[in-house]
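Q: I am new to this structure and should like a close look at a single part of it. Please describe one helix in detail and then place it within the whole.

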Amino acid sequence: MIDINFIRKNPEVVTKGAIDKGIALDVNRILTLDDEYRNLQAKVQGLREQRNIAAKERNVEKGRELKAELEAEESKLKSVEEERNKLLLEIPNLPKPDVKLGENESENEIITKVGDLPKFDFTPRDHLEIGELLDIIDVKRAAKVSGTRFYYLKNEAILLEFALKQLAFETLIKEGFIPVLPPVMVKEEIMRALGYMEQGGEEDMYKLEKDGLVLVGTAEHSIVSMHKDEILDVKDLPKRYVGFSTSFRREAGSYGKDTRGIMRAHQFDKVEMVSFVKQGEDDKEHEYMLSLEQRFLEMLKLPYQISKMCTGDLGFPVARKYDIEVWIPSEDKYRELTSTSTTGDFQARRLNIKYREEQDSKYVNILNGTAFSTRPIVAILENYQEEDGSVLVPQVLRKYTGFDKISPKK
RNA sequence: GGAGGAGUCGCAUAGUUGGUCCAUUGCGGGGGAUUGCUAAUCCCCUGAGCUGUCAAAAGCUCGCGCAGGUUCGAAUCCUGUCUCCUCCGCCA
């Protein structure tokens with residue numbers, strides 16, 4: 001949520017920020033309602049004051065009159081307030097000033113490229129072909145059981161997956177992150193507060209209607225909201241978590257995209273980072289998260305590039321976002337592997353998460369970033385493949401997997 | 001799932017025959033006074049919002065898990081709901 005005082009003073013900034021994100025807003029309507037709201041509030045408060053005086057004087061007659069008048073004004077106030085608040089929640093977070101103006105992903109900026117692309121003296125296979133050859137990925141049976149965009153991982157793929165998770169946890173715990181296994185179902189109101197139900201976001205969620213719960217799309221959802229309605233101790237900031245969860249996405253609107261293999265599934269596992277930092281320290285933290293994500297790619301020795309999202313490619317609650325994209329030989333291009341976003345104080349306002357500094361309580365800044373999802377397996381299979389379909393295990397993972405190479409079964 | 005009990009200002013607590021509660025006290029936090037130093041003592045402030053202002057002073061409203069209701073008046077009574085605790089049942 002954007003600070004209403006900020007909107008009052010800078011309506012044009014808010015309008016522009018939303019337009020840059022491709023969202024049309026009627027800020028004047030909100031300001032008019034806000035005005036009306038405050039006028040009514042003053043009126044109601046005046047009446048209550050009189051009511052309180054009458055009550056103190058035991059003036060029953062006067063009290064009755066005031067009560068009737070008050071009820072009428074209060075109901076007006078309530079409806080205006082509700083509409084005002086509803087509209088306020090529909091305002092997206094504003095992009096940071098350094099974010100490039102652009103309509104969609106084609107206008108994202110490539111910041112840097114790291115690592116040499118692998119050279120094959122044979123035609124490289126794609127990850128699914130390799131996965132089937134090695135008997136470690138099965139999407140056919142998953143389709144039978146669960147439908148499209150599901151997969152079974154088997155055999156060495158599991159150990160590879162767990163190795164990635166262990167590497168992530170080990171590295172991040174050393175950095176001071178608090179490990180956490182969060183719930184994968186959250187209340188709808190939580191998802192709304194996070195800013196992921198607006199602008200069609202609801203379409204990408206799996207909902208359990210009977211229980212009023214939503215399956216998380218990432219551990220961010222249940223980790224960020226952990227501290228809802230709390231005042232954090234400033235001494236504990238920055239507070240950093242590394243969490244693991246299965247993630248669920250309906251992938252509405254991505255029909256036909258990445259239908260092959262395990263690149264884009266309805267269910268996948270992910271290790272996620274979340275930081276709560278002091279007001280104004282999110283820029284620094286954002287660079288830190290990005291550097292950690294780079295470190296992971298470098299440990300795996302995978303070639304990557306960093307892409308900085310343009311305004312049009314930022315999600316509703318996001319103020320700035322970087323993607324780390326890894327080289328995928330079979331596609332002959334870089335594909336998103338991890339990403340990191342800052343939401344500034346936007347989510348903190350909606351979730352009411354503060355910290356106290358001297359006499360003031362201020363909203364924290366909240367950031368999130370991916371450590372590893374299941375996607376790195378795609379990248380590893382493809383970048384580390386050999387002519388016979390075997391795949392070498394990246395050096396850094398071998399101590400966890402216990403094997404150096406995955407070979408075809410027969 | 002069944003039966004009880006509880007939820008009060010950062011934390012802990014007082015207050016439930018409805019009005020003297022602009023919610024008590026302690027701790028923690030901030031500011032100030034006193035004081036050779038340290039310690040100690042004392043005073044003020046320390047939930048949210050609105051009006052007001054350069055800022056303030058000041059005033060008002062709301063706030064006792066949440067949402068409603070009764071009443072001239074609700075922390076206190078009623079209804080619903082959420083969360084936690086205890087016991088029983090079921091269960092990985």
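A: The account below begins with one helix and then turns to the chain, its domains and the RNA.

The model is predicted, and the helix chosen is α10, which covers residues 282–299. Does its length fit its residue count, and what should the span be? Helix α10 has 18 residues, and at 1.5 Å a residue these should span 26 Å. The expected span is taken as 1.5 Å times one less than the number of residues. The C-alpha atoms at the two ends of α10 are 25 Å apart, so the value agrees with the expectation.

Several residues of α10 are buried, namely D282, E285, H286, Y288, M289, L290, L292, E293, F296 and L297. A residue counts as buried if 20 or more other C-beta atoms lie within 10 Å of its own. The partners against which the buried residues of α10 pack are strands β10 (267–277), β11 (304–308), β12 (320–328), β13 (333–342) and β16 (365–372). After the helix comes K301, which has a positive phi, near 55°.

The wider setting is chain A, with 410 residues, of which 40% count as buried. Its secondary structure comes to 13 helices and 18 strands. Along the principal axes, the C-alpha atoms of chain A fill a box of roughly 95 × 45 × 40 Å. Among the contacts in chain A with a separation of 6 or more, 71% are between residues 24 or more positions apart.

The domain assignment divides chain A into domain 1 (4–89) and domain 2 (105–406); α10, at residues 282–299, falls within the bounds of domain 2. The centres of the two domains, taken over C-alpha atoms, are separated by 41 Å. Contact between them involves 4 residues of domain 1 and 4 residues of domain 2. On the side of domain 1 that touches domain 2, there are 1 nonpolar, 1 polar and 2 charged residues.

The remaining topic is the RNA. RNA strand B is surrounded by 19 residues, the closest being Q45, R48, E49, A55 and G63. By class, this surface consists of 5 nonpolar, 6 polar and 8 charged residues. Helices α3 (27–56) and α4 (60–89) each supply at least two of its residues, and α3 gives the largest share, 10 residues. Both α3 and α4 lie within the bounds of domain 1.

Methods. Residues are numbered from 1 along each chain as its sequence is written. Chains are lettered from A and ligands numbered from 1 in the order in which they are written. This is a predicted model: local features need pLDDT of at least 70, side-chain atom pairs count only at pLDDT 80 or more; totals for chains, interfaces and linings use all residues. A residue is near a molecule or strand if its C-beta atom, placed from the backbone, lies within 6 Å of it. Helices (H or I, at least four residues) and strands (E, at least two) are DSSP runs, numbered from the N terminus. Ala, Val, Leu, Ile, Met, Phe, Trp, Tyr, Cys and Pro count as nonpolar, Asp, Glu, Lys and Arg as charged, and the others, Gly among them, as polar. A residue is buried if 20 or more other C-beta atoms lie within 10 Å of its own, exposed if 12 or fewer, and partly exposed in between; C-beta atoms are placed from the backbone. Two residues are in contact if their C-beta atoms, placed from the backbone, lie within 7 Å. Domain bounds come from an automatic or database domain assignment.
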